[in-house]
Structures are given as structure tokens and as C-alpha cells.
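The exercises below are meant to be worked with the sequence and the model side by side. Try each task before reading its solution.

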Amino acid sequence: MNKIVLTCAAVCFAFVSFSQGVNELTKAEKKNGTQLLFDGKTFTGWHSYGKGDKVGSSWTIEDGVIGFDAAKKDGGDLVTNESFDNYDFSVDWKISVNGNSGIIFNVTDDPKKYYATYVTGPEFQVLDNDGHADGKITKHRAGDLYDLIKSYKETVKPVGEWNTGRIVNNKGLLQLYLNGTLVVETRTDDQNWKDLIAGSKFKGMPDFGKVMQGHIALQDHGNQVWFRNIKIRKL
């Protein structure tokens with residue numbers, strides 16, 4: 001129990017640090033090596049999966065926020081140019097009414113071999129729990145490790161409000177946080193991880209969750225969604 005309390009205390013401190021300022025680093029973040037993955041103005045450092053170095057026109061930037069325009073049909077998951085190993089990643093997200101999206105991580109960026117980001121990378125679910133059909137499915141709700149692990153506790157805010165998601169991927173330990181609360185924790189280097197995949201919709205994808213390092217993607221699920229304050233600290 002003491003170990004859990006200490007962990008939560010550390011998480012709360014980190015969450016406060018990450019939540020200060022929009023698309024800017026605090027002094028503490030600059031000191032600990034955190035870097036911005038979105039400068040608030042351009043798509044520098046990003047590309048649409050399967051579109052080379054281009055970003056599909058469905059992705060927009062307005063008032064320091066990355067948005068997905070569902071009316072346009074030129075998207076594709078938005079993927080970081082850089083690949084990451086052990087890291088502490090955070091992002092503010094806001095979903096539309098009845099919307100569905102996700103943050104897919106540890107993606108192998110090889111569209112010639114893999115037709116989608118989710119063929120290799122697990123997903124932090126982004127969802128309108130009440131309005132989207134996935135909200136009725138266990139392990140498909142906001143903050144869940146999609147189709148693998150249900151959140152310990154639901155801390156998602158109402159549709160239209162900003163949430164902060166955080167993914168810590170460190171030497172086989174995977175932790176997901178939603179609005180400062182630890183909601184999923186698992187190892188990715190043991191038999192249990194293999195069993196989770198075998199019992200999921202990803203069981204027919206031999207390279208899914210196999211390499212726990214790679215690119216981070218913001219999902220094009222055909223619904224409006226918004227992202228800002230995208231940061232990462234290499235561990």
C-alpha cells in the first residue's frame with residue numbers, strides 16, 4: 001500500500017507540472033528534459049501515416065490546437081516523425097459528441113508492411129462514453145488500454161471539456177493516466193501481456209505489442225477531435 005501511495009504522489013506532482021501552460025514548457029520541464037512535440041503553430045515533426053512526409057488536409061491547426069475536420073476525407077493517423085523508447089508522454093485531448101479517437105503508441109512506421117498504426121501499436125482510448133457505441137463495450141471506454149485492459153477508475157470529463165492523458169512506457173512497465181489518476185498498469189514483457197493480446201481483437205496481428213518502442217500517433221477515426229499541449233520526456 002505504501003508503494004502505491006508514493007507512486008500516486010509522484011504522479012500528482014508530475015501531472016501538475018505537465019498541465020501548466022499550453023504548448024509551452026515550464027522551467028521544471030525544461031530542466032528535466034521534457035520536449036514539446038507540437039509547437040502550437042505548425043505540424044513540424046509530424047506526418048500522416050502512409051502519406052510520406054505529408055499531413056492530410058483533414059488535420060488542422062487553429063488557436064494552438066490540432067483538430068481533425070471530419071468533413072474532409074484526407075486524414076490518416078497523425079504520426080510523430082521521431083521514434084521513442086522509454087518515455088513519459090502527455091497530451092490534452094477533447095472529443096466531439098458521439099466521437100471516437102485514440103492515442104496509439106509504440107507504432108512501427110512502415111506502411112508498406114503494416115496497413116495501419118494499430119497493427120503494431122496499443123491504444124489509449126479517446127471516446128465519448130455516453131454517445132458512442134464503444135462506450136457500451138468493456139475495455140473500449142475513455143482511458144482504457146483499448147480492448148486489452150479496462151480502467152481501474154473512470155476519471156474522464158464531460159464531452160467538450162479538455163482531458164489530460166499520460167502514457168509512461170519504461171523498461172517493460174506501461175502506465176496510463178487520465179486527468180492525474182493512474183487508470184491502467186501492466187507489464188509488457190511477460191506472459192500475461194501475451195495472454196492479453198491472445199484474448200483480444202489483435203490476436204491475428206503477429207507484431208501487435210511486440211516491440212514496446214516506436215512512434216506515437218493521434219488517430220483518425222473519422223470523428224472530430226482536438227489535441228494540444230503534446231509533450232514527452234525521455235526516460
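**Exercise 1. The chain as a whole**

What percentage of the 235 residues in the chain do buried residues make up? Then describe the overall build of the chain.

Solution. The model is a predicted one, and every value below is computed from it. Buried residues account for 51% of the 235 residues, where buried means under 20% relative accessible area. Turning to secondary structure, the chain contains 3 helices and 13 strands. Its radius of gyration is 17 Å, close to the 18 Å that the globule rule gives for 235 residues, so the chain is as compact as a globular protein of that length. The C-alpha trace spans about 50 × 45 × 35 Å along its principal axes, and the accessible surface comes to about 11,200 Å², with 52% of it belonging to carbon and sulfur atoms. Finally, if one takes the contacts between residues at least 6 apart in sequence, 65% of them join residues at least 24 apart.

**Exercise 2. Strand 8 and its surroundings**

Determine how strand 8 is covered and which strand is joined to it.

Solution. Begin with the general rule that in a regular strand the side chains alternate between the two faces of the sheet. In strand 8, Glu123, Gln125 and Leu127 lie on one side, while Phe124 and Val126 lie on the other, and all of them are buried. Because 5 of the 5 residues of strand 8 (residues 123-127) are buried, this strand is largely enclosed by the rest of the structure.

Next, look for the pairing. Strand 7 (residues 100-107) is joined to strand 8 by 5 bridges, and the two run antiparallel. Within this pairing, isoleucine 103 has phenylalanine 124 as its bridge partner in strand 8.

**Exercise 3. Isoleucine 103 and the nonpolar core**

Starting from isoleucine 103, trace its contacts and place this residue in the largest nonpolar core.

Solution. First set aside the neighbours of isoleucine 103 within four places in sequence; the residues then in contact with isoleucine 103 include Phe89, Val91 and Trp93, as well as Pro122, Glu123, Phe124 and Val126. The list goes on with Ile167, Ile216, Ala217, Leu218 and Phe227.

The second step is to move from the residue to the core. The largest nonpolar core has 50 residues, and Ile103 is among those with the most contacts inside it, together with Phe89, Phe227 and Ile230. Strand 6 (residues 87-95) gives the largest share of this core, 5 residues. Serine 90 also has its place in strand 6, and serine 90 is buried because its relative accessible area is 2%.

**Exercise 4. Salt bridges across the sequence**

Find the salt bridges that link distant parts of the chain, and classify the accessibility of their residues.

Solution. The principle is that side chains of opposite charge can pair when their charged atoms come close. With a nitrogen-to-oxygen cut-off of 4 Å, the count comes to 9 salt bridges.

Consider glutamate 29 and lysine 231, whose closest N and O atoms are 3.0 Å apart. Glutamate 29 is in helix 2 (residues 27-32) and lysine 231 is in strand 13 (residues 225-234), so that the pair links parts of the chain 202 residues apart. Both of these residues are buried.

Now take arginine 233 and aspartate 88, which meet in a salt bridge at 3.7 Å, N to O. This pair joins strand 13, where arginine 233 lies, to strand 6, where aspartate 88 lies, across 145 residues. Arginine 233 counts as partly exposed because its relative accessibility is 25%, whereas aspartate 88, at 2%, counts as buried. Asp88 and Arg233 also belong to a network of salt bridges that includes Arg166.

**Exercise 5. Two asparagines with positive phi**

Where do asparagine 23 and asparagine 179 lie, and are they buried or exposed?

Solution. Asparagine 23 has a positive phi of about 55° although it is not a glycine, and it lies in the loop between helix 1 (2-19) and helix 2. At 10% relative accessibility, asparagine 23 counts as buried. Asparagine 179 likewise has a positive phi of about 55° without being a glycine; its loop is the one between strand 10 (173-178) and strand 11 (181-187). With a relative accessibility of 16%, asparagine 179 counts as buried.

Notes
Residues numbered from 1 in each chain as written. Predicted model: local features only at pLDDT ≥ 70, side-chain atom pairs only at ≥ 80, totals over all residues. Heavy atoms only, no water. Buried < 20%, exposed > 50% of the residue type's maximum accessible area, 1.4 Å probe, protein only. Helix = DSSP H or I, 4+ residues; strand = E, 2+ residues; numbered from the N terminus. Pairing = 2+ DSSP bridges. Core = buried A, V, L, I, M, F, W, Y, C linked by side-chain atoms within 4.5 Å. Contact = heavy atoms within 4.5 Å. Salt bridge = Lys/Arg side-chain N within 4 Å of Asp/Glu carboxyl O. Rg over C-alpha atoms; globule rule 2.2 N^0.38 Å. Areas by Shrake-Rupley, 256 points an atom, 1.4 Å probe, with all protein chains shown as cover.
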